[in-house]
Structure formats: C-alpha cells, structure tokens
Amino acid sequence: MREPGPLARRAILVTGSTGFIGQPLCRELVEAGATVRGGSRTGGPHPVAGVERVRVPDPLDRRSVRASVAGIDAIVHLAARVHVMRESAADPLAEFRRANVEATAILVEEAAAAGVREIVLASTVKAVGEGNSAAWTEEVVPAPTDPYGISKLEAEFVVRDAAQRYGMQTCALRLPVVYGPGVKGNMLRLFALVDRGVPLPFGSVANSRSLLYVGNLVAALHSVLEHPPDGAETFFVSDGRDLSLATLIRMIGEALGRPARLLPVPPRLLELALPRAESVRLIGSLTVNGSRLSRRTGYRAPHPVEQGLRATAEWYRSTPGGRSAR
Ligand SMILES: NC(=O)c1ccc[n+]([C@@H]2O[C@H](COP(=O)([O-])OP(=O)(O)OC[C@H]3O[C@@H](n4cnc5c(N)ncnc54)[C@H](OP(=O)(O)O)[C@@H]3O)[C@@H](O)[C@H]2O)c1
C-alpha cells in the first residue's frame with residue numbers, strides 16, 4: 001500500500017463496481033487507502049480484494065439503496081444500462097430512463113438523506129451528441145440523439161440538481177470510448193480483426209476521435225475525488241491525444257505485434273456502404289477538450305495511448321479469442 005494520501009480512510013461507494021471501469025477504479029481506491037464499498041445487483045465475494053460488496057438487487061428499491069449509502073462520504077456512480085449494439089427492448093428510451101435516470105434520482109435522494117457529501121457520475125460524450133468538427137468544451141449545448149445519450153444527459157441533470165437542492169458537491173465526467181483490459185464492443189472487435197490479419201478498408205479515414213484509456217480514467221476519477229468541485233461541475237476527459245481510425249488501427253497492430261492491413265478505400269464510398277449509425281461512429285469525428293478538468297483538479301493523463309493499447313493487447317492475448325488467433 002502507498003503512503004496515506006487525501007483518500008485514505010474516506011468511505012467511497014462505487015456503483016457498477018464489478019464492471020469494466022468499476023474493477024480498476026476499486027483497485028485504485030483500495031490502493032489509495034480508501035474504505036471501498038462496491039455496489040452490485042448480485043452477491044458473492046467482490047472480484048477486487050479489499051472491497052466490501054454490497055448487494056442492491058434492484059437499483060429502484062430504496063431500502064437496499066439506503067443500506068448501500070449508509071456511512072459513505074463519496075459515491076462514484078458507474079452503474080448504468082450501457083450502450084448496447086443490438087437493442088432488444090420494445091421501448092429502449094423507457095428502459096434507459098428507468099436504469100439511468102430514475103435509479104440515479106433514488107441514489108441521489110438516499111445519499112443526501114444519509115449525509116453523503118460528493119457524487120461523481122460517469123456520463124458520456126453521447127450526452128452531448130454523436131459527432132463534431134471542433135473539440136467540444138463544456139460550454140457546448142448538449143443535443144443527444146440516441147436513447148442512451150438522452151438518459152445520460154438526464155442523469156447529469158439529476159446529479160447537478162442535487163448540488164443546488166442538497167448542497168452536495170457533484171461532478172459529471174463525460175467519457176469518450178474507454179479502452180483497456182476487459183474492453184467490449186467495437187474496440188474489442190477491432191483488436192480481433194487486426195489480430196486475425198483481416199484487411200480493413202479504413203486506410204484513408206483521416207477523422208479525429210478522442211479516446212480514454214481506463215487507467216487514465218481511473219486517474220481522473222481519483223483527481224476529482226481529491227479535489228471535490230464547488231457545487232456542480234461537468235468535465236470532458238480524454239487521453240489528450242486524438243487519433244484517426246487509420247492511426248488507431250495501426251497502433252493496435254503495433255500493440256499486438258501484428259502489422260495492421262489497411263486498404264485505402266475512399267471515405268465517401270464507406271459512407272455509402274455502411275449503415276448511417278456505423279459510419280458516424282467509425283469515420284465521423286468526435287473530439288473533446290479536457291482542459292477544464294486539468295485546470296480545476298490538476299489532472300494530467302498519466303498513461304500515453306501506446307501504453308494503454310499495449311495493456312489492452314496483453315489482456316486480449318489472455319482471452320480465449322486472443323490466444324486462438326495466434
Ligand atoms: N465503457 C465505455 O466506453 C464508457 C463510455 C462512456 C461512458 N461510460 C459509462 O461508464 C459507466 C461504467 O461503464 P462500464 O463500461 O464499466 O460498463 P459495464 O462493464 O457494463 O459495467 C457496468 C456495471 O453496472 C451494472 N449494471 C449493468 N446494467 C445495469 C442496470 N441496468 N442497472 C444497474 N446496474 C447495472 C453491472 O454490475 P452488476 O451486474 O454487478 O450489478 C455492470 O458490471 C457507465 O455509467 C457508462 O455509461 C462507459
């Protein structure tokens with residue numbers, strides 16, 4: 001364990017603590033000497049040593065939420081119905097609102113009643129929109145277009161309102177795509193495609209996208225817990241280096257030790273060939289300006305992108321898919 005720092009002995013609840021971001025965050029907080037409670041809908045020992053697992057089977061059930069926040073100083077709220085590739089719900093917005101807005105409202109009310117001082121919400125760039133041609137700052141007016149993004153923006157409102165209503169210190173961190181060990185979705189797919197040597201038609205895609213290594217996110221969360229905001233704050237956060245899809249794929253190839261095979265197909269053709277949502281995600285630009293977070297908390301991304309991709313590649317190699325492709 002390190003020298004005791006400002007988080008030593010602070011009681012911190014991490015909701016969604018068993019997930020991709022939750023586990024490394026819990027590890028960091030335990031290392032920093034905090035007393036960490038890990039919220040989860042299921043029981044059993046927590047995957048991170050030193051974390052007290054607290055079961056909240058239904059995040060809309062006030063009784064178990066109340067028990068989870070008792071004696072807590074700060075909450076990092078990660079639990080959410082996250083963006084899904086293949087949506088099966090009949091009314092996705094209603095499902096997202098239940099899990100991401102109503103559950104956040106209940107958490108905030110119970111936290112305020114229990115005397116919790118600080119809440120940090122993991123929000124997303126999708127709360128602002130799907131793409132841009134100049135890096136977003138926190139002054140940009142959000143215009144989310146999908147149910148997930150809408151629900152996350154509404155969750156931001158809930159958390160911001162708690163600052164006024166209950167005098168809490170609240171913060172919403174708007175995250176771009178996060179990668180690292182345990183990554184899922186499109187990023188995992190890219191690692192698998194590059195590893196199998198599949199030729200990819202993105203060699204001419206010169207877009208620009210912000211990304212965030214989970215190790216950098218954990219450091220950012222540590223910073224906001226160490227420097228709680230006055231009232232309510234919203235921050236973008238990223239690795240601080242934006243990449244085109246072609247460069248990202250090349251760097252994944254380097255991290256895997258497998259040179260990427262990129263074909264120079266004109267982006268215009270890709271736009272015609274791909275479904276609109278896919279084309280926006282892959283060949284559109286989406287960048288954020290994280291300077292406000294740095295100014296307010298002194299946060300600097302400690303890990304360069306290469307290091308984050310290497311850690312992801314090492315993890316990928318340890319998965320059944322990553323081993324069999326060798
Ligand atoms: N990963 C990214 O690229 C990214 C980007 C932007 C924002 N975010 C935000 O970061 C947070 C954490 O994301 P993650 O990537 O770590 O997700 P994750 O791996 O899916 O973890 C989220 C955890 O929340 C719990 N959970 C899942 N569905 C839930 C529901 N409907 N209601 C309550 N709890 C639920 C699950 O834990 P249990 O099963 O143990 O309850 C799950 O392990 C989310 O708020 C997400 O919106 C992530």
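In this predicted model, the ligand sits among 21 surrounding residues. The closest of them are Gly16, Gly19, Ser40, Arg41 and Ala80. What sort of residues make up the shell around the ligand, sorted by class? Nonpolar ones number twelve, polar ones seven, and charged ones just two. Two strands also have a hand in this shell: β5, which covers 118–124, and β7, which covers 177–179, each bring at least two residues to the ligand.

Zooming out to the whole protein chain, the count comes to twelve helices and nine strands. With 326 residues, the chain has a radius of gyration of 20 Å, close to the 20 Å expected from the globule rule, so it is as compact as a globular protein of that length. Laid along its principal axes, the C-alpha trace spans about 60 × 40 × 40 Å.

Next come the helices and how they pack. Two packed helices are described by the angle between their axes and by the distance between those axes. Take helix α3 (residues 92–114) and helix α4 (residues 147–166): their axes are 9 Å apart and meet at an angle of about 15°. Angles under 35 degrees count as roughly parallel, and α3 and α4 are therefore roughly parallel to each other. Their crossing is right-handed. On the α3 side, the contact is built from Pro92, Leu93, Phe96, Arg97, Asn100, Val101, Thr104, Ala105, Val108 and Ala112. The α4 side answers with Pro147, Tyr148, Ile150, Ser151, Lys152, Glu154, Ala155, Val158, Val159, Ala162 and Tyr166. Sorted by class, this contact of α3 with α4 holds 15 nonpolar residues, along with three polar and three charged ones.

Helix α3 has another partner in helix α2 (residues 62–69), and here the angle is about 50°, with the axes 9 Å apart. That angle makes α2 oblique to α3. As α2 passes α3, the crossing is right-handed. From α2, the residues involved are Arg62, Val65, Arg66 and Val69, while α3 offers Ile106, Leu107, Glu110, Ala111 and Ala114. In the contact of α2 with α3, six residues are nonpolar and three are charged, with no polar ones.

Further along the chain, helix α7 (residues 245–256) packs against helix α11 (residues 305–317), with 8 Å between their axes and an angle of about 55°. So α7 is oblique to α11. The crossing of α7 past α11 is right-handed. Which residues of α7 meet α11? They are Met251, Ile252, Ala255 and Leu256, and their partners in α11 are Val305, Glu306, Leu309, Arg310, Thr312 and Ala313. This contact of α7 with α11 breaks down into seven nonpolar residues, one polar residue and two charged residues.

Key: Residues numbered from 1 in each chain as written. Predicted model: local features only at pLDDT ≥ 70, side-chain atom pairs only at ≥ 80, totals over all residues. Axes fitted to C-alpha atoms, helices over the stretch in contact; angles between N-to-C directions. Helix = DSSP H or I, 4+ residues; strand = E, 2+ residues; numbered from the N terminus. Parallel < 35°, antiparallel > 145°, perpendicular 65-115°, else oblique. Left-handed = near helix turned anticlockwise from the far one by under 90°. Contact = placed C-beta atoms within 7 Å. Nonpolar A, V, L, I, M, F, W, Y, C, P; charged D, E, K, R; others polar. Near = placed C-beta within 6 Å. Rg over C-alpha atoms; globule rule 2.2 N^0.38 Å.
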